Amino acid sequence: MNKRIDLIGVQMDLGAATRGVNMGPAAIRYAGVAQGVRDLGYECKDKGDIIPISEGATADDMRNYEQVIDANTKLYQAALASHEEGAFPVVLGGDHSIAAGSIQATAKKFGKIGIIWIDAHGDWNSPESSESGNMHGMPFSAVCGAGPDCMIDFGQGPVIVDPKNCVQIAGRDIDREERKRMKEYGVTVFSIADVDRMGMPAVIEEAIKIATNGTEGIHVSFDVDAITPESAPGTGTRVHSGLTLREAFYLVEMLYESKKVLALDMVEVNPMLDIRNQTGEVASELILATIGKTVY
Ligand SMILES: [Mn+2]
């Protein structure tokens with residue numbers, strides 16, 4: 001693992017319907033993530049927060065797209081700079097639309113990569129298939145080249161990730177059209193029912209195989225709504241019957257053991273909906289487990 005961990009906050013909530021997730025980075029920092037990183041023996045550089053432009057163009061099928069693209073452009077540049085300096089970027093969200101810029105940076109640096117996307121939702125909508133027009137439901141589709149293309153085009157020459165190296169884990173609220181698209185493009189989905197049936201050890205073993213098959217490593221994008229709402233209440237799109245905390249921790253512990261993780265997003269922490277920063281603390285601890293914190 002890299003010796004230096006970079007924290008990059010993104011105060012973005014314009015990709016979501018519910019406001020307030022822009023304060024997520026502060027909640028995760030308040031939970032002590034930087035000190036936790038240092039306690040593991042890394043150098044920790046906090047690059048502060050990216051703030052989107054205050055006003056921008058919008059559309060019914062891509063709400064607040066100009067601000068979403070602006071924040072993604074800035075994040076792409078910041079994360080790529082971290083990669084170039086040999087650091088491991090941890091992106092603190094913010095809504096999930098920011099995974100577009102974050103993943104573009106990882107793909108630009110490493111070329112062929114896999115993605116493990118942990119989420120209650122597919123985030124595989126296009127502007128045409130989306131029922132809400134909320135862009136936090138589109139980044140996984142965008143980075144796989146299935147649109148919206150504007151989400152990954154920052155003038156850098158976008159690098160498309162092969163859906164065959166992409167895995168969704170803990171899905172349980174995936175739209176009908178979205179399912180069709182994920183199947184058509186060949187994304188592997190381990191839904192929450194698959195987690196029940198197979199158990200997390202088998203799921204994560206398979207997921208790592210798929211994401212590392214012929215790639216340089218894995219970009220991990222973790223939406224806290226993957227976790228069951230009783231354990232992670234502070235998020236805008238809660239869906240019942242999610243991952244237990246131990247399933248979530250085991251997952252990231254195994255990712256660390258794989259030594260194949262190239263970058264991490266921890267997103268959708270909404271302090272306005274949280275209970276005494278419970279979800280901010282879970283997010284902080286999940287970040288630490290992904291970079292090597294163990295229970296024993
Ligand atoms: Mn998501």
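Partly exposed denotes a relative accessible area between the 20% limit for buried and the 50% limit for exposed. All views show a predicted model.

**View 1. Salt bridge between Lys209 and Glu205 in helix α8.** The side chains of Lys209 and Glu205 meet with an N to O distance of 4.0 Å, forming a salt bridge. The two residues are four positions apart in helix α8, so about one helical turn separates them. Lys209 has a relative accessible area of 48% and therefore counts as partly exposed.

**View 2. Salt bridge between Arg4 and Glu85.** The closest N and O atoms of Arg4 and Glu85 are 2.7 Å apart. This pair links distant parts of the chain, with the two positions 81 residues apart in numbering. Arg4 belongs to strand β1 (residues 4-10), whereas Glu85 sits in the loop between α3 (65-84) and β3. The relative accessible area of Arg4 is 14%, which means that Arg4 is buried. Glu85, at 46%, is partly exposed.

**View 3. Salt bridge between Glu285 and Lys293, and a salt-bridge network.** Glu285 and Lys293 form a salt bridge in which the closest N and O atoms are 3.0 Å apart. Both ends are partly exposed: Glu285 has a relative accessible area of 31%, and Lys293 one of 34%. Elsewhere, salt bridges with shared partners join Arg4, Asp6, Lys47 and Glu85 into one network. The model has 14 salt bridges by the count used here.

**View 4. Coordination of the manganese ion.** The donors to the manganese ion are ND1 of His96 and OD atoms of Asp119, Asp123 and Asp223, at distances of 2.0 to 2.3 Å. Along the chain these donors follow the spacing H-x22-D-x3-D-x99-D. His96 and Asp123 connect distant parts of the chain, 27 residues apart. His96 lies in the loop between β3 (88-93) and α4 (99-110), and Asp123 in the loop between β4 (114-118) and α5 (139-143). Both His96 and Asp123 are buried.

**View 5. Surroundings of Arg172, a buried residue without a salt bridge.** Arg172 is located in the loop between β5 (166-169) and α6 (176-185). Which side chain of opposite charge is nearest to Arg172? That side chain is Asp225, 5.7 Å away, and Arg172 has no salt bridge although buried. The cut-off for a salt bridge is 4 Å, so a distance beyond that limit does not qualify. The side chain of Arg172 does reach backbone oxygens: that of Ala170 at 3.2 Å, and that of His240, which lies 3.0 Å from a polar side-chain atom of Arg172. Leaving aside neighbours within four places in sequence, the contacts of Arg172 include Ala120, Ile192, Val239, Ser241 and Gly242. Asp225, Ala226 and Ile227 are also among them.

**View 6. The largest nonpolar core, with Leu243.** This core has 52 residues, and those with the most contacts inside it are Ile116, Ile169, Ile204, Leu243 and Leu255. Helix α8 (residues 200-212) supplies the largest share, seven residues. Apart from this core lies another, of 41 residues, including Met62, Tyr76, Ala107 and Ala142. Beyond neighbours within four places in sequence, Leu243 is in contact with residues including Ile118, Ala170, Ile192, Val195 and Met200. Further contacts of Leu243 include Ala226, Ile227, Thr228, Ala248 and Leu251. In soluble globular proteins, nonpolar side chains tend to be buried together.

Definitions and conventions:
Residues are numbered from 1 along each chain as its sequence is written. This is a predicted model: local features need pLDDT of at least 70, side-chain atom pairs count only at pLDDT 80 or more; totals for chains, interfaces and linings use all residues. Side-chain values use heavy atoms; hydrogens and water are left out. A nonpolar core is a set of buried Ala, Val, Leu, Ile, Met, Phe, Trp, Tyr and Cys residues joined through side-chain atoms within 4.5 Å. Buried means under 20% relative accessible area, exposed over 50%, partly exposed in between (1.4 Å probe, protein chains only). Contact means heavy atoms within 4.5 Å. Lys and Arg count as positive and Asp and Glu as negative; His and the chain ends are not counted. A polar contact is a pair of N or O atoms within 3.5 Å; within protein, one must be able to donate a hydrogen and the other to accept it, and residues adjacent in sequence count only if both atoms are side-chain atoms. Donors are N, O and S atoms within 2.8 Å of the metal (3.2 Å for Na, K and Ca); water is not among the atoms, so sites may look incomplete.
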